[in-house]
Amino acid sequence: MSELDSQVPTAFDPFADANAEDSGAGKKEYVHIRVQQRNGRKSLTTVKGLKKEYSYSKILKDLKKEFCCNGTVVQDSELGQVIQLQGDQRKNVSTFLVQAGLVKKDNIKIHGF
C-alpha cells in the first residue's frame, strides 16, 4: 500500500503562480487597457490602474482631443476611477501613455480580442 501512495500524483494548482504574484512581494502596478464589445461594431476602451495622484479629467481631455473620440471618467466601487473611451483605442492609448511619460511600456497590459 505504501508504494501506491507514493505513486499518486499530488494535486496540481494551475493558479498557484497567479496567487504567488498577488502576495505583494515584488508586485508591479500595471495599467490595464481593455476593449469591451457593445452592440454591432461599437466598442468601448477602458483604462484602469493609473496612479491616483494623476488628474484623470486632464488625461481624458488630452486623450479625447488626440484621438477625436468621446469619453468619460467612471467611479467604480471596486476598481476606483476608470477612463472610458469610445471605439477601440487600445494601441493609441498605450503609445500616448508611454510618450507622455505617465507609464513605462513594461507596466502596460493590453487585453481584448
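1. Two strands are taken to pair if DSSP finds at least two bridges between them. In this predicted model, β1 and strand β2 (residues 43-48) meet that condition with 6 bridges, in the antiparallel sense. Within this pairing, Gln37 has Ser43 of β2 opposite to it.

2. The connection between β1 and β2 is a hairpin with 5 residues between the strands. In that hairpin, Gly40 adopts a positive phi near 70°.

3. Strand β1 (residues 31-37) also has a parallel partner, strand β5 (residues 108-110), to which 3 bridges join it. Here Ile33 is the residue that faces Ile110 in β5. Strand β1 is thus named in two pairings, one antiparallel with β2 and one parallel with β5.

4. Ser94 belongs to helix α4, which covers residues 90-99. Its relative accessibility is 11%, so Ser94 counts as buried, the cut-off being under 20%. Leaving aside residues up to four places away in sequence, Ser94 touches Ile33, Ile108 and Ile110. Two of these contacts, Ile33 and Ile110, are the residues that stand opposite each other in the pairing of β1 with β5. Residue 108, the other contact of Ser94, lies in the range of strand β5 (residues 108-110).

5. The cysteines call for a separate remark. A search of the whole structure returns 0 disulfides. Cys68 takes part in none, and the nearest cysteine sulfur to its own, that of Cys69, is 7.8 Å away. For Cys69, the closest cysteine sulfur is that of Cys68, and the 7.8 Å between them is too far for a bond, because a disulfide requires sulfur atoms within 2.5 Å. The two residues also fall into separate accessibility classes: Cys68 is exposed, with a relative accessible area of 72%, whereas Cys69, at 13% relative accessibility, counts as buried.

6. The second largest pocket has a volume of about 190 Å³. Its lining comprises Glu29, Val31, Gly49, Leu50, Lys51, Tyr54, Gly101, Leu102, Val103, Lys104 and Asn107. Sorted by class, this lining holds 5 nonpolar, 3 polar and 3 charged residues. Among the charged members are Glu29, Lys51 and Lys104, while Gly49, Gly101 and Asn107 are among the polar ones. One of the lining residues, Val31, carries the number at which strand β1 (residues 31-37) begins.

How values were computed
Residues are numbered from 1 along each chain as its sequence is written. This is a predicted model: local features need pLDDT of at least 70, side-chain atom pairs count only at pLDDT 80 or more; totals for chains, interfaces and linings use all residues. Side-chain values use heavy atoms; hydrogens and water are left out. Helices (H or I, at least four residues) and strands (E, at least two) are DSSP runs, numbered from the N terminus. Buried means under 20% relative accessible area, exposed over 50%, partly exposed in between (1.4 Å probe, protein chains only). Contact means heavy atoms within 4.5 Å. On a 1 Å grid over the protein atoms alone, a cavity is a set of points where a 1.4 Å probe fits but cannot get out, and a pocket is an open set with protein on both sides within 12 Å along at least five of seven lines; lining residues have an atom within 4 Å of a point. Grid points are joined across faces, edges and corners, and a volume is the space filled by probe spheres set on the points.
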